[in-house]
Amino acid sequence: MATTIPTTHKAVAVPGLRQNYTLIDRPTKRPAPGEALVRVDWAASSPADVHVIDGGVADPQFPFVTGTCFAGTVVQMGARDPAAAPHRTQDLRAGDPVLGFTFGPPDRKTHQAYLTTPTYNLGRRPPNVSPEQASTVPANLVTAFHTLTRDLGLPLADGQTGTGTATDNKDKDKDKPVLLWGAASGVGQYAAQVLRHYGYANVVAVASARHHAYLAGLGATACFDYRDPDVVERVRAHLGGAAPPYVIDCIGSREGTLRPLTKIAGAGSRVAVMLPVITREAATGDGGGEVPEYEMDIGKVLAGEWAEGVEVRGVRTYFYQENEFFKYHLMPEIVPDLLAKGVIQPNRYKVVEGPTMLERAQGALDILRGKAQSGEKIIWRVSDE
Ligand SMILES: NC(=O)c1ccc[n+]([C@@H]2O[C@H](COP(=O)([O-])OP(=O)(O)OC[C@H]3O[C@@H](n4cnc5c(N)ncnc54)[C@H](OP(=O)(O)O)[C@@H]3O)[C@@H](O)[C@H]2O)c1
């Protein structure tokens with residue numbers, strides 16, 4: 001691929017708390033050993049962007065470059081890193097299509113024309129998946145793997161590695177209910193599909209009624225509507241009054257999701273909650289109204305309201321690479337393989353159009369600030385090339 005590598009490139013960044021995006025120039029970092037320089041073609045925007053921009057979660061340094069999930073094209077590979085464990089994306093070449101979940105320093109963020117990141121944050125995009133579809137996948141599929149293994153302790157086939165198939169899973173837990181509250185979210189959709197693949201046959205989904213048929217197609221075996229005033233009673237009745245052993249709160253809203261779950265979880269339930277927990281919703285969609293508030297310490301949320309014997313855990317996917325196997329194999333190998341085989345269906349998506357990168361990015365942020373996304377990932381074309 002004969003691409004001239006620029007010395008600087010365009011990025012969108014927020015200049016301060018609760019502000020809108022501005023366009024900035026960033027230096028284009030040449031890849032060090034173990035890294036790749038990638039042109040970002042499509043990126044997703046996520047609720048996490050709002051948590052950081054409007055809520056100050058994780059103490060952002062401004063100007064703050066957002067974005068963790070993308071599809072793009074390799075421009076230049078760094079030398080092999082002899083210290084890194086072998087993995088497939090060390091063999092990528094300029095011109096190869098990739099997708100990735102990449103976080104940390106600004107060089108790695110996805111809301112810019114070029115990013116530079118360790119190759120273990122990337123996977124080769126299989127030809128049956130378009131770049132638009134691919135941009136919906138990495139962060140939330142990795143979150144599903146991380147949550148199911150680390151926070152719920154569920155074996156995915158051969159131990160915690162996630163390399164097996166449904167037939168490998170002899171675990172007796174596969175018939176026990178796994179409750180996905182907020183299953184229409186990206187996290188929920190991928191969790192349902194990963195569970196199905198590894199042989200979990202009792203997945204109870206809570207989502208808007210309009211998504212029930214779709215979720216059934218992804219592996220949900222029973223669906224309930226969280227807007228039904230009797231939803232708690234209906235879920236409890238479905239479970240025969242027993243406490244569900246495994247629960248994922250795919251949203252993490254104190255009043256919207258955790259409060260009803262305190263009435264369903266019981267002794268022996270393990271509840272994995274997406275952090276940060278939203279303790280006060282923003283009142284308006286423009287980031288300028290009531291300020292949203294969040295809590296990162298799950299032990300402080302509805303403390304004393306859980307039944308005795310419920311284990312509540314806060315999910316932090318940014319730590320998934322503490323699992324060395326996942327670090328070197330989840331994005332480079334497992335994610336592309338599951339996509340290539342059609343085991344994982346990418347999220348449906350809404351493309352935010354606009355004449356410039358800045359307008360597309362801002363349009364995506366506005367949708368998320370207004371909580372107007374429903375069952376679809378919000379994506380936009382980054383590169384203007
Ligand atoms: N800590 C971590 O490691 C981690 C990782 C990934 C994501 N997260 C967090 O997890 C949350 C979800 O992320 P995402 O990307 O999956 O979001 P998303 O796809 O944008 O979620 C949108 C969906 O949320 C559902 N929803 C909203 N409020 C709900 C409620 N009260 N009850 C049930 N469903 C509700 C809506 O469902 P309907 O369409 O049915 O109304 C909507 O489809 C975000 O806050 C994100 O920051 C955390």
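Here is a short tour of the model, starting at the ligand and ending at a loop threonine.

Before you click anything: this is a predicted model, where local features need pLDDT of at least 70, side-chain atom pairs count only at pLDDT 80 or more, and totals for chains, interfaces and linings use all residues. Residues are numbered from 1 along each chain as its sequence is written, and side-chain values use heavy atoms, with hydrogens and water left out.

**Stop 1: the ligand shell**

Select the ligand and everything near it (a heavy atom within 4 Å). You should pick up 30 residues, and the closest are Ser208, Tyr226, Val315, Thr317 and Ser374. Colour them by class and you get 12 nonpolar, 14 polar and 4 charged residues. The nonpolar set here is Ala, Val, Leu, Ile, Met, Phe, Trp, Tyr, Cys and Pro, the charged set is Asp, Glu, Lys and Arg, and the others, Gly among them, are polar.

**Stop 2: polar contacts**

Now look for polar contacts to the ligand (pairs of N or O atoms within 3.5 Å). Show the side chain of serine 374: one of its N or O atoms is 2.6 Å from a ligand oxygen. Next, turn on the backbone. Glycine 186 has a backbone N or O atom 2.8 Å from an oxygen of the ligand, while leucine 275 puts a backbone N or O atom 2.8 Å from a ligand nitrogen. Taken alone, the ligand exposes 930 Å², and the protein buries 86% of that (Shrake-Rupley areas, 1.4 Å probe).

**Stop 3: helices and domains**

Switch to cartoon. Helices H1 (47–55), H3 (138–151), H4 (186–197) and H7 (254–262) each supply at least two shell residues, and H1 gives the most, with 3. Helices are DSSP runs of H or I, at least four residues long, and strands are E runs of at least two, numbered from the N terminus. Then colour domain 1 (8–137 + 346–381) and domain 2 (139–319): both give residues to the shell, so the ligand lies between them. Those bounds come from an automatic or database domain assignment.

**Stop 4: two cysteines**

Select cysteine 223 and cysteine 250. Why is there no bond from cysteine 223 to cysteine 250? The sulfur of cysteine 250 is the closest cysteine sulfur to that of cysteine 223, but at 12 Å it is too far. The disulfide cut-off is 2.5 Å between sulfurs, and the count comes to 0. Cysteine 223 is partly exposed at 23% relative accessibility, whereas cysteine 250 is buried at 6% (buried is under 20%, exposed over 50%, partly exposed in between; 1.4 Å probe, protein chains only).

**Stop 5: threonine 102**

Finally, go to the loop between strand E6 (97–101) and strand E7 (114–118), where threonine 102 sits. Threonine 102 is buried, at 0% relative accessibility. Measure across to leucine 179: the two are 77 residues apart in sequence and 29 Å apart in space, C-alpha to C-alpha.

Key
Polar contact = N/O pair within 3.5 Å; in protein donor to acceptor, adjacent residues only side chain to side chain.
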